[in-house]
Amino acid sequence: VSTAKIQNDAVTEAKIADASVDEARLKISNSPTNGHYLQAQSGNTGGLTWAAVSGGGISEMDCWRLTSNIQHSSSEQWFTSGWERQDNPASGSTKLGTGMTESSGVFNFPSTGFWLIYAHWRFQNTGAEPEYHGYLQTSTDTDGSPDWYFPVDTVASFTDGTGTNYGTCTGVHVFDVTNTTHHQVRLGAWASSSNTYTAGHTNQNITYVYFVRLADT
């Protein structure tokens with residue numbers, strides 16, 4: 001065995017001894033977070049990235065509600081205003097994770113994945129026997145102009161046309177979100193009578209929608 005090889009082996013052993021390879025000497029693309037692990041990412045700096053462990057439970061949950069009543073006419077109406085995230089800390093109301101964003105009644109998702117959408121409408125009417133539809137629409141278009149589809153159309157009606165009547169509709173949809181820019185959701189309603197209102201409240205979930213991320217897409 002040559003003297004040069006013995007010297008090279010000794011140098012190599014010295015380089016990796018006594019925990020000399022630590023986080024500071026690795027080329028990692030982001031800063032560490034407790035509980036994350038090193039994930040191979042060939043496109044990132046050094047090919048390593050700190051990442052959260054997947055499959056460890058629900059990481060995103062958010063709830064939004066209408067804050068006031070919306071009066072209806074005999075045409076589709078989309079709830080373009082009056083939304084707020086539920087915000088009653090005393091009752092334990094809060095979001096989990098990043099949360100949804102809303103603009104003019106259109107909701108965008110913070111991350112891709114399979115999302116459960118649970119929507120609840122409450123409506124009221126005075127002096128008529130209306131038909132009421134609660135609408136949930138999704139868009140998967142990517143050309144910059146949303147094309148809206150109807151995965152959920154709930155319906156209810158009154159048989160008593162006297163006094164003030166109340167009713168509810170509920171709809172559930174699982175949305176495979178693969179594009180957080182163009183995959184969107186909106187809610188609306190249609191009623192056959194102008195005496196019909198979709199109900200809202202600033203301190204209670206009356207007409208509301210939950211968003212829960214279930215799994216990776």
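In the predicted model, Phe-109 is buried, with a relative accessible area of 5%. The residue lies in the loop between strand S8 (106–108) and S9, and belongs to the group of six residues that touch the most other members of the largest nonpolar core. That core comprises 26 residues, and the group also includes Trp-121, Val-185, Leu-187, Val-209 and Phe-211. At least two core residues come from each of strand S3 (61–66), strand S9 (113–126), strand S10 (131–139), strand S11 (148–157), S12, strand S13 (184–191) and strand S15 (208–215). The largest contribution to the core is that of S9, with five residues. In soluble globular proteins, nonpolar side chains tend to be buried together.

The surroundings of Val-209 illustrate the contacts made by one of these core residues. With residues up to four places away in sequence left out, Val-209 touches Asp-62, Cys-63 and Trp-64, as well as Trp-83 and Phe-107. Further contacts of Val-209 are made with Ile-117, Tyr-118, Ala-119 and Leu-187. Of these partners, Leu-187 is itself named among the core residues that touch the most other members, and both Trp-64 and Trp-83 are members of an aromatic cluster.

Aromatic pairing was examined next. Over the whole structure, 13 aromatic pairs are found. In one of them, the ring centres of Phe-109 and Phe-175 are separated by 5.7 Å and the ring planes stand at 70°, so the arrangement is classed as edge-to-face. Because Phe-109 is placed in the loop between S8 and S9 whereas Phe-175 is in strand S12, this pair ties together parts of the chain that are 66 residues apart in sequence. Phe-175 is buried, with a relative accessibility of 4%. A contrasting geometry is found for Phe-123 and Tyr-132, whose ring centres are 4.0 Å apart with planes at 10°, so that pair is stacked. Both Phe-123 and Tyr-132 are buried. Beyond individual pairs, one aromatic cluster is formed by Trp-64, Phe-79, Trp-83, Phe-107, Phe-109, Trp-115, Phe-175 and Phe-211. Two members of this cluster, Phe-109 and Phe-211, are also among the core residues that touch the most other members.

Charged side chains were considered in the same manner. A search of the whole structure identifies four salt bridges. One joins Glu-84 to Arg-65, with the closest N and O atoms 2.9 Å apart. Since Glu-84 is in strand S6 (residues 83–85) and Arg-65 is in strand S3, this bridge links parts that are 19 residues apart in sequence. Both Glu-84 and Arg-65 are buried, the relative accessible area of Arg-65 being 1%. A second partner of Arg-65 is Asp-87, for which the closest N and O atoms lie 2.8 Å apart. Asp-87 is located in the loop between S6 and strand S7 (101–103), so its pairing with Arg-65 in strand S3 ties together parts that are 22 residues apart in sequence. Asp-87 is partly exposed, at 43% relative accessibility. A further salt bridge connects Asp-216 with Arg-213, with a closest N to O separation of 2.6 Å. In this pair, Asp-216 is partly exposed at 48% relative accessibility, whereas Arg-213 is buried, with a relative accessible area of 13%. Through shared partners, salt bridges join Arg-65, Glu-84 and Asp-87 into one network.

Nonpolar side chains also occur at the surface. Phe-114, Val-174 and Leu-214 form a nonpolar surface patch, with about 240 Å² of accessible area together. Within the patch, Val-174 is situated in strand S12 (residues 164–177) and is partly exposed, with a relative accessible area of 43%. Strand S12 thus holds both the partly exposed Val-174 and the buried Phe-175.

Two loop positions complete the description. Thr-33 is in the loop between helix H1 (3–16) and strand S1 (37–40), and is partly exposed at 42% relative accessibility. The C-alpha atom of Thr-33 is 8.3 Å from that of Ala-51, a residue 18 positions away along the chain. Ser-104 is located in the loop between S7 and S8, where its phi angle is near 55°, a positive value in a residue other than glycine. Ser-104 is exposed, with a relative accessible area of 53%.

Conventions: Residues numbered from 1 in each chain as written. Predicted model: local features only at pLDDT ≥ 70, side-chain atom pairs only at ≥ 80, totals over all residues. Heavy atoms only, no water. Patch = residues over 30% accessible without salt bridge, like charges linked within 9 Å, V, L, I, M, F, W, Y side chains within 5 Å. Areas by Shrake-Rupley, 256 points an atom, 1.4 Å probe, with all protein chains shown as cover. Helix = DSSP H or I, 4+ residues; strand = E, 2+ residues; numbered from the N terminus. Buried < 20%, exposed > 50% of the residue type's maximum accessible area, 1.4 Å probe, protein only. Core = buried A, V, L, I, M, F, W, Y, C linked by side-chain atoms within 4.5 Å. Contact = heavy atoms within 4.5 Å. Phe/Tyr/Trp six-rings, centres within 6.5 Å; stacked < 30°, edge-to-face > 60°.
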